[in-house]
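Here is a short briefing on one protein model and its ligand. Keep the sequence and the 3D view open while reading.

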Amino acid sequence: MGLRYGRILLGAVLLLISAPSLALETPTGPVILEISGSIDVTNVDGEAHFDRDMLETLPQHVVTTGHPWIDGQSRFEGPLLRDVLQAVSAHGDVMNVQAIRDYASDIPFSDAHDYDVILALTRDGTPIRVRDRGPLQVIYPFDERPELTTNIYFSRSVWHVARIEVR
Ligand SMILES: Nc1nc2c(c(=O)[nH]1)N[C@H]1C(S)=C(S)[C@@H](COP(=O)(O)O)O[C@H]1N2
Ligand SMILES: [Mo]
């Protein structure tokens, strides 16, 4: 095999490896996030359901920040919202992020791309308990981007996140 074909083959292999995964495993543990709406990757009844392990399999990102309703700084860690959107091949403009009960907020896709917004799974290294506004919390990098410290972004900082509807 000539060098030229070797390169083409290598290119094809790299392309395959880097292509976003188009499959989602089936959750084995308790489902903590359900994504519905304009998504191409589904695993349960036309929706994308995630247990904790599946969310931990995505690249984890740390946001260390003060927070409107927590004293001092906290170290939040979890997948980037844009990686979650990519994992389900979401297409649309906005996600309606819904809490376990009685609260929802629209988050434009542009926020997920403009800022390192995460779906935090841990705070200071510990899983966030439901009574501490877990198990999943939308966290904006407030300290890094002071322009975010407005009521608009506070209201998008949904805690008790359970579902996302992509529109
Ligand atoms: N699940 C849930 N997340 C929520 C809210 C809520 O009522 N429920 N309120 C939002 C708003 S409007 C603000 S200002 C912040 C802070 O709310 P808190 O001070 O009640 O914690 O949380 C946001 N996330
Ligand atoms: Mo608010």
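Ala, Val, Leu, Ile, Met, Phe, Trp, Tyr, Cys and Pro count here as nonpolar, Asp, Glu, Lys and Arg as charged, and the others, Gly among them, as polar. On that basis, the shell around ligand 1 has 6 nonpolar, 2 polar and 1 charged residues. The model is predicted. The points below take the ligand site, then the aromatic residues, then backbone features, and finally contacts across the chain.

**Ligand 1 and its shell**

- The residues around ligand 1 are Trp69, Ala99, Tyr103, Arg133, Phe154, Ser155, Ser157, Val158 and Trp159.
- Arg133 offers a polar side-chain atom at 3.0 Å from an oxygen atom of ligand 1.
- Ser157 uses its backbone instead: an N or O atom there lies 3.0 Å from a nitrogen atom of ligand 1.
- Trp159 also has a backbone N or O atom by the ligand, at 2.8 Å from a nitrogen atom of ligand 1.
- Taken alone, ligand 1 has 510 Å² of accessible area, and the protein covers 66% of that.
- Arg133 has a second partner in the shell: Arg133 lies over the face of Trp159, at 4.6 Å from the ring centre.

**Aromatic residues**

- A pair of aromatic rings is described by the distance of the centres and the angle of the planes.
- Rings pair if their centres lie within 6.5 Å, and planes over 60 degrees apart count as edge-to-face.
- The model has 4 aromatic pairs by this rule.
- One of them joins Tyr140 and Tyr153: the ring centres are 5.4 Å apart and the planes meet at 65°, so the pair is edge-to-face.
- Tyr140 sits in the loop between strand 10 (137-139) and helix 5 (151-156), and Tyr153 in helix 5, so the pair ties together parts that are 13 residues apart in sequence.
- Buried or exposed: which is Tyr140? Tyr140 counts as buried, because its relative accessibility is 0%.
- Tyr153 also counts as buried, at 16% relative accessibility.
- Tyr153 has a charge over its ring as well: Arg156 lies over the face of Tyr153, at 5.1 Å from the ring centre.
- Tyr115, Tyr140, Phe142, Tyr153 and Phe154 form one aromatic cluster.
- Phe154 links two topics, as a member of that cluster and as one of the residues around ligand 1.

**Backbone features**

- Gly134 and Pro135 are joined by a cis peptide bond, with omega about 5°.
- Pro135 is in the loop between strand 9 (126-127) and strand 10.
- Asp124 has a positive phi, near 50°, and is not a glycine.
- Asp124 belongs to the loop between strand 8 (122-123) and strand 9.
- Asp124 is partly exposed, because its relative accessible area is 47%.
- His160 is another residue other than glycine with a positive phi, here about 55°.
- The loop between helix 5 and strand 11 (161-166) holds His160.
- His160 is buried, with a relative accessible area of 19%.

**Contacts and approaches across the chain**

- Asn96, in strand 5 (residues 94-99), is buried at a relative accessible area of 10%.
- The side chain of Asn96 makes a polar contact of 2.9 Å with the side chain of Asp106.
- Ser74 belongs to strand 4 (residues 70-79) and is buried, with a relative accessible area of 2%.
- Which residue does the side chain of Ser74 meet in a polar contact? The partner is Arg123, and the side chains are joined at 3.2 Å.
- Leu55 is part of helix 2 (residues 52-57) and counts as buried at 0% relative accessibility.
- Leu55 and Leu121 have C-alpha atoms 8.3 Å apart, although 66 residues separate them in sequence.
- Glu47 lies in the loop between strand 1 (31-37) and strand 2 (48-51).
- Glu47 counts as buried, with 19% relative accessibility.
- The C-alpha atoms of Glu47 and Glu165 are separated by 9.7 Å, and the two residues are 118 residues apart along the chain.

Notes:
Residues numbered from 1 in each chain as written. Chains lettered and ligands numbered in written order. Predicted model: local features only at pLDDT ≥ 70, side-chain atom pairs only at ≥ 80, totals over all residues. Heavy atoms only, no water. Phe/Tyr/Trp six-rings, centres within 6.5 Å; stacked < 30°, edge-to-face > 60°. Helix = DSSP H or I, 4+ residues; strand = E, 2+ residues; numbered from the N terminus. Buried < 20%, exposed > 50% of the residue type's maximum accessible area, 1.4 Å probe, protein only. Lys NZ or Arg CZ within 6 Å of the ring centre and 35° of its normal. Near = heavy atom within 4 Å. Polar contact = N/O pair within 3.5 Å; in protein donor to acceptor, adjacent residues only side chain to side chain. Areas by Shrake-Rupley, 256 points an atom, 1.4 Å probe, with all protein chains shown as cover.
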